[in-house]
Structure formats: C-alpha cells, structure tokens
Amino acid sequence: MVISAEFLGMLLLITSAAALGLSIVIDVGRVSAEKAREAMNQRLYDKKRAALAEWRQKTERKRVDLTTLQARLTEFNGRRQKALTELRALEFSKIELVHELGDLESDGDVYWAQLAVGPNFNELDRKDIVFSRQIWEYRNVAHITAPSAEQAHATVRASFSQRNGLICSPVVPLALAPDPEAEATAA
C-alpha cells in the first residue's frame, strides 16, 4: 500500500487537530478545577471573615460588660469599705471603758468625766502613755468618788494629765452624765 503525500498530510492534520482539541479539553478542565477551588476558598474565606467579625462583636460586648462589672465592683468595694468604717465607728462608740478613781468605800459622791487623747498623743513616748495606746481608740470615761467636784477634778487631772497626752471633759455628777447610746445615734 502506497501512502500518498496528500493522505499523509491529511492524517497529520487530523492528528494535530485531535491533539489540539485534547489539549484544549485538558486546559479547560484544569481552569475549571482551579476556578472551583478558588470559589471554594473564597466561600471558606468569607465564612472565616464573618466568624471573625462575629467574634469581634462578642469580644467588644464582653469588654463593655467587663468594664461595667469592674465599675460596679469598685462601687461595691467603696460601699463595703464605708459600711465597715461605719460599723467599726459604731462598735467603738458602743464600747466604753470606765476608769474608777478615788476611794470607793468613802461616802463621797460619784462624778463623771470623759477622757480623750490630746493633740500631742501620737508624738509621746510609749512610757509616758497611761495603759496601752489601743484602749484610747475607744470611748473612755472616769467615775470618780470624791466629796466635791473640785476634788474629783483634781483626782482625774492627777491620774490622767496632759503630760500623758490625755484631756478630760468637765467633771459632772454621774446622774448628769450624757448617755453614750444617745450620742452614738445623734452622730
């Protein structure tokens, strides 16, 4: 069989066209697969971007909530501290230390005087302070048994002087002494 040049040219042309068609089909398949992958990645990216935006919104809400809660905590701590201070002041006002002075077996009258710390109390040496510094944080009064108010005043001034960093109120008969509970409720 003799193959002519025309036949051979035609065969080469058909083979070339088939190879070209096949390469076009393969390239189109690759391009469409690449486009499908790109579309899938774009959807995944959009989902993650939406999730990130949602998380940012949640984080911002939680940050605002946290700031609000911190402000409330600060407010409540302030209220608690104020209540504790008031409670301590109330406890101190209800506790009254009574110092009994004078001859308790004599027939003298009983007088009353309130004792308090003076302005130089914190500067005094420990040995100059009568009793302990802690008892002077409470209300201190003196019950003095003496024949007269002048002698009661002299007795309390001898026992608790300004040299000890203490001052005393005027001496009054015990029956005229102010009620500590009435003073606490008035304050």
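A salt bridge here is a side-chain nitrogen of Lys or Arg within 4 Å of a carboxyl oxygen of Asp or Glu. I start there since one pair in this model comes close to that limit. Before the pair itself, a reminder that what you have on screen is a predicted model.

Arg30 and Asp27 are the pair. Their closest N and O atoms are 3.9 Å apart, and they form a salt bridge. The cut-off is 4 Å, so a distance of 3.9 Å counts. Both residues belong to helix H1 and lie three residues apart, about one turn of the helix. By this rule the structure has five salt bridges.

Now the overall layout. The domain assignment splits the chain into domain 1, residues 1-94, and domain 2, residues 96-175. How far apart are the centres of domain 1 and domain 2, taken over C-alpha atoms? The separation is 81 Å.

Next, helix H1, which covers residues 5-94 and includes Phe7. Phe7 also contributes to a nonpolar surface patch, together with Ile3, Leu8 and Leu11. The area of that patch is about 410 Å².

On to aromatic side chains. How many aromatic pairs does the structure hold? The count is zero. There is, however, a charge over a ring: the charged end of Lys58 sits over the ring of Trp55, at 5.1 Å from the ring centre.

That leaves the strands, and I will go through them from the point of view of S2. Strand S2 runs from 109 to 117, and its pairing with strand S3, residues 139-146, is antiparallel, over seven bridges. Within that pairing, Val110 is opposite Thr145 of S3.

S2 also pairs with S4, residues 166-168, again in the antiparallel sense, with three bridges. Here Leu115 has Cys168 of S4 as its bridge partner.

Then there is S5, residues 172-173, joined to S2 by two bridges and running antiparallel to S2. Which residue of S5 stands opposite Trp112? Val172 does.

As general background for reading these strands, in a regular strand the side chains alternate between the two faces of the sheet.

To recap: S2 has antiparallel pairings with S3, with S4 and with S5. In helix H1, Arg30 and Asp27 lie about one turn apart, and their salt bridge has a closest N to O distance of 3.9 Å. That is the end of my part.

Definitions and conventions: Residues are numbered from 1 along each chain as its sequence is written. This is a predicted model: local features need pLDDT of at least 70, side-chain atom pairs count only at pLDDT 80 or more; totals for chains, interfaces and linings use all residues. Side-chain values use heavy atoms; hydrogens and water are left out. Patches are made of residues with over 30% relative accessible area and no salt bridge: like charges are joined within 9 Å, nonpolar side chains (Val, Leu, Ile, Met, Phe, Trp, Tyr) within 5 Å. Accessible areas come from the Shrake-Rupley method with a 1.4 Å probe; for residues, only the protein chains shown count as cover. Helices (H or I, at least four residues) and strands (E, at least two) are DSSP runs, numbered from the N terminus. Two strands pair if DSSP finds at least two bridges between them. Domain bounds come from an automatic or database domain assignment. Rings of Phe, Tyr and Trp (its six-membered ring) pair if their centres lie within 6.5 Å; planes under 30 degrees apart count as stacked, over 60 as edge-to-face and the rest as tilted. A charge sits over a ring if NZ of Lys or CZ of Arg is within 6 Å of the ring centre and within 35 degrees of the ring normal.
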